[in-house]
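Here are my notes on the model, as numbered points. Please read them with the structure open.

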Amino acid sequence: MYDTILLPTDGSSATTEALDHALTIAIDKGATIHPLYIVDKRHLRAADDETIEEVRRSLEEEATHALDDAEVRIEDEGVAAEPAKREGTPHREIVDYADDVGADLIVMGTHGKNGRERVAQLGSTTERVVKNANQPVLVVEIGE
């Protein structure tokens, strides 16, 4: 039933907790986990001409670290990992990527780095993925 699991990552503790659940399912079902990092183009559009390259470099480094950390942890558990990076609006890219790779399940935390939504509700990205995904979404409640 679950051969391909999508794990959107931003390198936060929310991803770490969601990864625990994704690993449990992947080990049980023999699935591959696709950690996915979205370089949020809204950050690039907000940067001025003088800082855009610095912002891009910072986001790319963050992506590399988040994906490397996830891949190492996944492979240490004997699970296949297929990390990927995309640029765009996070919820749209997550939904599109899930369709592109034929994901059977999306696993993500209630919120990530974007802390302003942390009041006992889903983060805006997670909420938008739940509403728009063609796959089931396992939402892992993240403790503070």
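1. Start with threonine 32. Is this residue buried or exposed? Threonine 32 is buried, because its relative accessible area is 17% and the cut-off for buried is under 20%. The residue lies in strand E2, which covers residues 32-40. Bear in mind throughout that this is a predicted model.

2. What does threonine 32 touch, leaving out residues up to four places away in sequence? The contacts are Asp3, Thr4, Ile5, Ala80, Ala81 and Glu82. Strand E1 spans 4-8, and Asp3 sits in the segment before that strand.

3. Now take aspartate 3 from its own side. Its contacts, again without residues up to four places away in sequence, are Ala31, Thr32 and Asp104. Glycine 30 is 27 residues from aspartate 3 in sequence. In space, the C-alpha atoms of aspartate 3 and glycine 30 are 6.8 Å apart. Aspartate 3 counts as partly exposed because its relative accessibility is 49%, and exposed would require over 50%.

4. The overall layout is worth fixing in mind. The chain has five helices and five strands. Read from the N terminus, their order is β-α-β-α-α-β-α-β-α-β. The chain holds 144 residues, and 44% of them are buried.

5. How much of the contact set is long-range in sequence? Among contacts with a separation of 6 or more, 73% join residues 24 or more positions apart. The accessible surface of the chain is about 7800 Å². Carbon and sulfur atoms contribute 44% of that surface.

6. Helix H3 runs over residues 52-76 and includes valine 55. Which residues does valine 55 touch, not counting those up to four places away in sequence? They are His43, Leu44 and Ala47. Valine 55 and leucine 44 are 11 residues apart along the chain, with C-alpha atoms separated by 6.7 Å. Valine 55 is not classed as buried: its relative accessible area is 24%, so it is partly exposed.

7. Turn to charge pairs. How many salt bridges are there? The count is eight. One of them joins arginine 73 and aspartate 20, with the closest N and O atoms 2.2 Å apart. This pair links distant parts of the chain, with arginine 73 in helix H3 and aspartate 20 in helix H1 (residues 13-29), 53 residues apart. Both partners are partly exposed: arginine 73 has 30% relative accessibility, and aspartate 20 has a relative accessible area of 34%.

8. Helix H3 also takes part in a salt bridge through arginine 56, whose partner is glutamate 87. The closest N and O atoms of that pair are 2.9 Å apart. Why does the pair tie together separate parts of the sequence? Glutamate 87 lies in strand E3 (residues 84-88) and arginine 56 in helix H3, so the bridge ties together parts that are 31 residues apart in sequence. Glutamate 87 is partly exposed at 39% relative accessibility. Arginine 56 is partly exposed too, with a relative accessible area of 27%.

9. Strand E3 supplies a partner for another salt bridge, this time arginine 86 with aspartate 100. The N to O distance is 2.5 Å. Aspartate 100 is in helix H4, and the two residues are 14 residues apart. Their exposure classes differ: aspartate 100 is exposed, with a relative accessible area of 53%, whereas arginine 86 is partly exposed at 23% relative accessibility. Check Glu93 as well: Arg86, Glu93 and Asp100 are linked in a network of salt bridges.

10. Last, the surface charge. Which residues gather in a patch of positive charge on the surface? They are Lys41, Arg45, Arg92 and Arg128. Of these, arginine 92 is found in helix H4, residues 90-101. Helix H4 also holds aspartate 100, the partner of arginine 86.

How values were computed:
Residues are numbered from 1 along each chain as its sequence is written. This is a predicted model: local features need pLDDT of at least 70, side-chain atom pairs count only at pLDDT 80 or more; totals for chains, interfaces and linings use all residues. Side-chain values use heavy atoms; hydrogens and water are left out. Patches are made of residues with over 30% relative accessible area and no salt bridge: like charges are joined within 9 Å, nonpolar side chains (Val, Leu, Ile, Met, Phe, Trp, Tyr) within 5 Å. Accessible areas come from the Shrake-Rupley method with a 1.4 Å probe; for residues, only the protein chains shown count as cover. A salt bridge is a side-chain nitrogen of Lys or Arg within 4 Å of a carboxyl oxygen of Asp or Glu. Lys and Arg count as positive and Asp and Glu as negative; His and the chain ends are not counted. The place of a charge is taken as NZ of Lys, CZ of Arg, CG of Asp or CD of Glu. Helices (H or I, at least four residues) and strands (E, at least two) are DSSP runs, numbered from the N terminus. Buried means under 20% relative accessible area, exposed over 50%, partly exposed in between (1.4 Å probe, protein chains only). Contact means heavy atoms within 4.5 Å.
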